[in-house]
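Biologist: I have not looked at this structure before. Could you take me through it step by step?

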Amino acid sequence: MEQRANIKFCFKLSKTATETHEMLVKVYGVEALSKKCVFEWFKRFRDGKEDVEDGPRSGRPPTSTTPDNIELVRRMLADDRRLSLRMIAEELKISLDSMSNIIHKNLQKRKICAWCVLHKLSDEQKQHRKETSGDFIDACDRNPQFLETIVTGNESWCYQYDPERSFETAAATHPAVRPQLYQIGQWKLLHDNARPHTAIRVRQFLATRKVTVLEHPPYSPDLAPAYFFLFPRLKGVLKGLRFSDITQIQQRVTMVLRTIPKEAFDESFQQLYNRCQKCIVANGDYFECQ
């Protein structure tokens with residue numbers, strides 16, 4: 001509702017829909033309304049609509065925050081915690097406001113690095129985060145080149161658009177092993193605890209190739225460079241875009257990646273070191289927004 005009010009304010013200031021969407025992205029990041037939604041509200045205001053409430057729809061229940069929907073959202077997040085509010089809302093055909101209420105109020109979850117996590121970590125989870133962060137810092141302090149040997153990667157979602165229906169297509173970002181480190185086996189893999197990463201076949205594959213896998217605590221996107229550094233940069237540019245095929249997604253993502261300076265990638269690992277320090281100071285709790 002707040003974003004709709006902001007859209008109306010920009011409309012009254014004679015801003016264009018594109019300019020308005022860009023400002024929303026700067027303020028709300030990955031939670032900003034899509035460009036398509038902004039254009040739809042501009043059309044409504046041009047047609048004389050003044051309030052920012054949704055109009056009544058035939059057959060639509062008075063609220064979408066039902067026990068069935070809450071349970072469906074809980075199961076979807078349990079299967080894939082990378083799902084965005086918009087992706088779940090479109091799948092269940094309910095509003096973003098209702099989806100936000102379900103996730104934050106009913107399920108008691110919050111966003112860390114644009115990832116739905118537990119609203120409150122258990123003491124055991126905090127201790128695990130604290131110990132893992134301490135081990136990481138110790139390894140870096142013992143070896144000044146430790147950060148340079150880390151390779152990381154992860155996956156996120158992009159939209160492939162079909163005129164008749166919308167498809168959600170996963171576009172993966174793959175780790176690029178430094179050739180000189182690969183030859184002598186002096187590189188280490190850092191990835192989170194997503195099911196594709198912890199599957200038995202994946203672990204066997206890494207073990208047979210003697211790949212050193214760094215420990216990463218569960219529910220910790222704030223300690224994963226892909227989440228706190230890379231994905232926000234990608235999504236800030238790709239937000240609201242629709243793609244006709246996977247090739248187009250790959251081309252656009254590659255183009256955006258090439259605009260990021262190499263020094264920025266190097267700095268992200270130094271940020272990881274600093275974040276581990278913050279995690280220890282916070283006694284293993286989430287430290288963002290504190």
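Modeller: Certainly. Please keep in mind that this is a predicted model. Of the contacts in the protein with a separation of 6 or more, 67% are between residues 24 or more positions apart.

Biologist: How many helices and strands does the secondary structure come to?

Modeller: There are 13 helices and seven strands.

Biologist: And what percentage of the residues is buried?

Modeller: Of the 290 residues in the protein, 41% are buried. The accessible surface comes to about 17200 Å², and carbon and sulfur atoms hold 52% of that surface.

Biologist: Let us go inside, then. Which residues have the most contacts inside the largest nonpolar core?

Modeller: They are Phe136, Phe146, Ile150 and Leu272, in a core of 32 residues. Helix 7, helix 11, helix 12 (246–259) and helix 13 each give two or more residues to this core. Helix 11 provides the largest share, with eight residues. Apart from this core lies another one of 13 residues, including Ile70, Val73, Met76 and Leu92. As background, nonpolar side chains tend to be buried together in soluble globular proteins.

Biologist: What does Leu272 touch?

Modeller: Leaving aside residues up to four places away in sequence, Leu272 touches Phe136, Leu190, Leu223, Pro225 and Phe228.

Biologist: Phe136 has come up twice. Which residues of helix 7 are buried?

Modeller: Phe136 is one of them, and the others are Lys126, Arg129, Thr132, Ser133, Gly134, Ile137, Ala139 and Cys140. The buried residues of this helix pack against strand 3 (150–152) and helix 13.

Biologist: How many residues does helix 7 have, and how far does it reach?

Modeller: Helix 7 has 20 residues and spans 29 Å from its first C-alpha to its last. That is close to the 28 Å expected at 1.5 Å a residue.

Biologist: There is an arginine among those buried residues. What does Arg129 form a salt bridge with?

Modeller: Its partner is Asp222, and the closest N and O atoms of the two are 2.9 Å apart. The pair joins distant parts of the chain, as Arg129 sits in helix 7 (residues 123–142) and Asp222 in the loop between strand 7 (212–213) and helix 11 (225–238), 93 residues apart.

Biologist: Is Asp222 buried or exposed?

Modeller: Asp222 is buried, and Arg129 is buried as well.

Biologist: How many salt bridges are found in the whole structure?

Modeller: The search finds four. One of the others joins the side chains of Asp47 and Lys43, at 3.1 Å from N to O. In this pair, Asp47 is exposed, with a relative accessible area of 57%. Another salt bridge is formed by Lys262 and Asp266, where the closest N and O atoms are 3.3 Å apart.

Biologist: Why are Lys262 and Asp266 separated by about one helical turn?

Modeller: Because they are four residues apart in helix 13 (residues 262–281), about one helical turn lies between them. In general, an α-helix has 3.6 residues a turn, so residues three or four places apart point the same way.

Biologist: Are those two buried or exposed?

Modeller: Lys262 counts as exposed, at 58% relative accessibility. Asp266 counts as partly exposed, at 38%.

Biologist: Staying with helix 13, how far apart are Val281 and Lys130?

Modeller: They are 151 residues apart in sequence and 8.7 Å apart in space, C-alpha to C-alpha. Val281 lies in helix 13, and it is exposed, with a relative accessible area of 70%.

Biologist: Now the strands. In what order do the three strands of the open sheet come?

Modeller: The order is 3-6-7, with parallel pairing. Strand 3 and strand 7 are the edge strands, each pairing on one side only. Strand 3 pairs with strand 6 (residues 188–190) over three bridges, and Val151 stands opposite Leu189 in strand 6.

Biologist: Last topic, the backbone. Which residue has a positive phi of about 65 degrees although it is not a glycine?

Modeller: That is Ser14, found in the loop between helix 1 (2–12) and helix 2 (17–28). Ser14 counts as exposed, at 64% relative accessibility. Lys93, which is also not a glycine, has a positive phi near 60 degrees. Lys93 lies in the loop between helix 5 (85–92) and helix 6 (96–106), and its relative accessible area of 73% makes it exposed.

Conventions:
Residues are numbered from 1 along each chain as its sequence is written. This is a predicted model: local features need pLDDT of at least 70, side-chain atom pairs count only at pLDDT 80 or more; totals for chains, interfaces and linings use all residues. Side-chain values use heavy atoms; hydrogens and water are left out. Buried means under 20% relative accessible area, exposed over 50%, partly exposed in between (1.4 Å probe, protein chains only). The expected span of a helix is 1.5 Å times one less than its number of residues. Contact means heavy atoms within 4.5 Å. Accessible areas come from the Shrake-Rupley method with a 1.4 Å probe; for residues, only the protein chains shown count as cover. A nonpolar core is a set of buried Ala, Val, Leu, Ile, Met, Phe, Trp, Tyr and Cys residues joined through side-chain atoms within 4.5 Å. Two strands pair if DSSP finds at least two bridges between them.
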